[in-house]
Amino acid sequence: MKMILQVPLWAQRVMYIQGSALKDTDLMRAKMHAAEACFIIAARNTTDRSAADEHTILRSWAIRDFAPNVPQYVQIFRPENKIHVAFAEHVVCEDEFKYALLANNCLCPGTSTLVTLLLHTSRGQEGQTSSEDWQRLYGKCSGNEIYHIRLCDSRFFGEYQGKSFTYASFHSHRKYGVALIGVQTDMKGTWPIMLNPGPSYILKASDICFYMNITKEENTAFVTAPSVECNNFTK
């Protein structure tokens, strides 16, 4: 933890406070009552997962009593313990997620590998010294992560306003090598975030585009194309 906090990127953004979530004085020091969200992460090095869940549940209850309006994002190990933190905004059960991932891997081979690579940060340089083509390709593609940008601000997708999602996904990958996988829209009667909405969905300037790429668009070296008017939308 000390080494991470010494990194300049985090040194000016993260404040480490040592204490207990079961003590109101420590929650007050952390200004929990004014927090936008609270993340409760389970310990990775524990051998007794049931005991770890018990501690997580107690912390979650204590925070709920102290700041009932603060949304909680809780990680637990055992599926049977989800009921005890049902009030949380979102609960991630590690065992449940792991087995669901393995089950989906049977239906679609490679699913677990895809999700694992997306959840881990990589520069995409692994395996580049290998003599095997597949290892070099695997290492390069492991650097892909998911990013998002408003369509009217995007150099990748701005030119596809008024085009279908399928058209934009195909041509943006062909032109820039990025994979458009979903959009977030404010259109009534649809889900807030839609994965691969298909050819019937027409992209709008206000849509948030979710895409996979080695780096986010803002860090690319492409020359900026004429931007789409975005005056009517809040950034």
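**Figure 1. R78 and D95 pair up in a salt bridge, with 3.0 Å between the closest N and O atoms.** This is a predicted model, as are the views that follow. The two partners come from distant parts of the chain, 17 residues apart: R78 belongs to the loop between β2 (72-76) and β3 (90-93), while D95 is part of helix α5 (residues 94-107). How exposed or buried are the two? R78 is partly exposed, at 28% relative accessible area, whereas D95 is buried, at 5%. The pair doesn't stand alone, either: a network of salt bridges links R44, R49, R78, E94 and D95. Searching the whole structure turns up 10 salt bridges.

**Figure 2. In helix α7, R136 and D133 make a salt bridge.** Here the N to O distance is 2.1 Å. About one helical turn separates the partners, because they sit 3 residues apart in helix α7 (residues 133-141). R136 is partly exposed, with 27% relative accessible area, and D133 counts as exposed at 55%.

**Figure 3. E217 reaches R155 through a salt bridge of 3.7 Å, N to O.** E217 is in the segment after β7 and R155 in the loop between β4 and α8, so this contact ties together parts 62 residues apart in sequence. Both ends are tucked away: E217 is buried at 1% relative accessibility, and R155 is buried too, at 17%.

**Figure 4. Y147 and Y211 form a tilted aromatic pair.** Their ring centres are 6.0 Å apart, with 40° between the planes. Which elements does the pair bring together? Y147 lies in strand β4 (residues 145-150) and Y211 in strand β7 (residues 208-213), so parts that are 64 residues apart in sequence are tied together. Y147 and Y211 are both buried, with Y211 at 0% relative accessibility.

**Figure 5. Y211 also pairs with F156, this time edge-to-face.** The centres of these two rings are 6.0 Å apart and the planes meet at 90°, which is why the pair counts as edge-to-face. It's another link between distant parts of the chain, 55 residues apart, with F156 in the loop between β4 and α8 (165-176) and Y211 in strand β7. F156 is buried, at 1% relative accessible area. Zoom out a little and ring pairs join Y147, F156, F157, Y176 and Y211 into a cluster. The structure as a whole has 7 aromatic pairs.

**Figure 6. Two basic side chains sit over ring faces.** R64 lies over the face of F87, 4.4 Å from the ring centre. K163 does likewise over Y167, at 5.3 Å from the ring centre.

**Figure 7. C38 and C108 are cysteines without a close sulfur partner.** How many disulfides are there? The count is 0. For C38, the nearest cysteine sulfur belongs to C93 and is 18 Å away; C38 is buried, at 6% relative accessibility. For C108, the closest is the sulfur of C106 at 11 Å, too far for a bond. C108 is partly exposed, with a relative accessible area of 44%.

**Figure 8. Two domains are assigned in the chain.** Domain 1 covers 1-98 and domain 2 covers 144-219, and their centres, taken over C-alpha atoms, are 33 Å apart. The unreviewed UniProt entry places an "RCK N-terminal" domain at residues 1-92. That span is 35% helix and 12% strand, and its end C-alpha atoms are 23 Å apart.

Notes:
Residues are numbered from 1 along each chain as its sequence is written. This is a predicted model: local features need pLDDT of at least 70, side-chain atom pairs count only at pLDDT 80 or more; totals for chains, interfaces and linings use all residues. Side-chain values use heavy atoms; hydrogens and water are left out. Rings of Phe, Tyr and Trp (its six-membered ring) pair if their centres lie within 6.5 Å; planes under 30 degrees apart count as stacked, over 60 as edge-to-face and the rest as tilted. Helices (H or I, at least four residues) and strands (E, at least two) are DSSP runs, numbered from the N terminus. Buried means under 20% relative accessible area, exposed over 50%, partly exposed in between (1.4 Å probe, protein chains only). A charge sits over a ring if NZ of Lys or CZ of Arg is within 6 Å of the ring centre and within 35 degrees of the ring normal. UniProt positions are given in the numbering used here, feature names are shortened, and annotations may be inferred rather than shown by experiment. Domain bounds come from an automatic or database domain assignment. A disulfide is a pair of cysteine sulfur atoms within 2.5 Å. A salt bridge is a side-chain nitrogen of Lys or Arg within 4 Å of a carboxyl oxygen of Asp or Glu.
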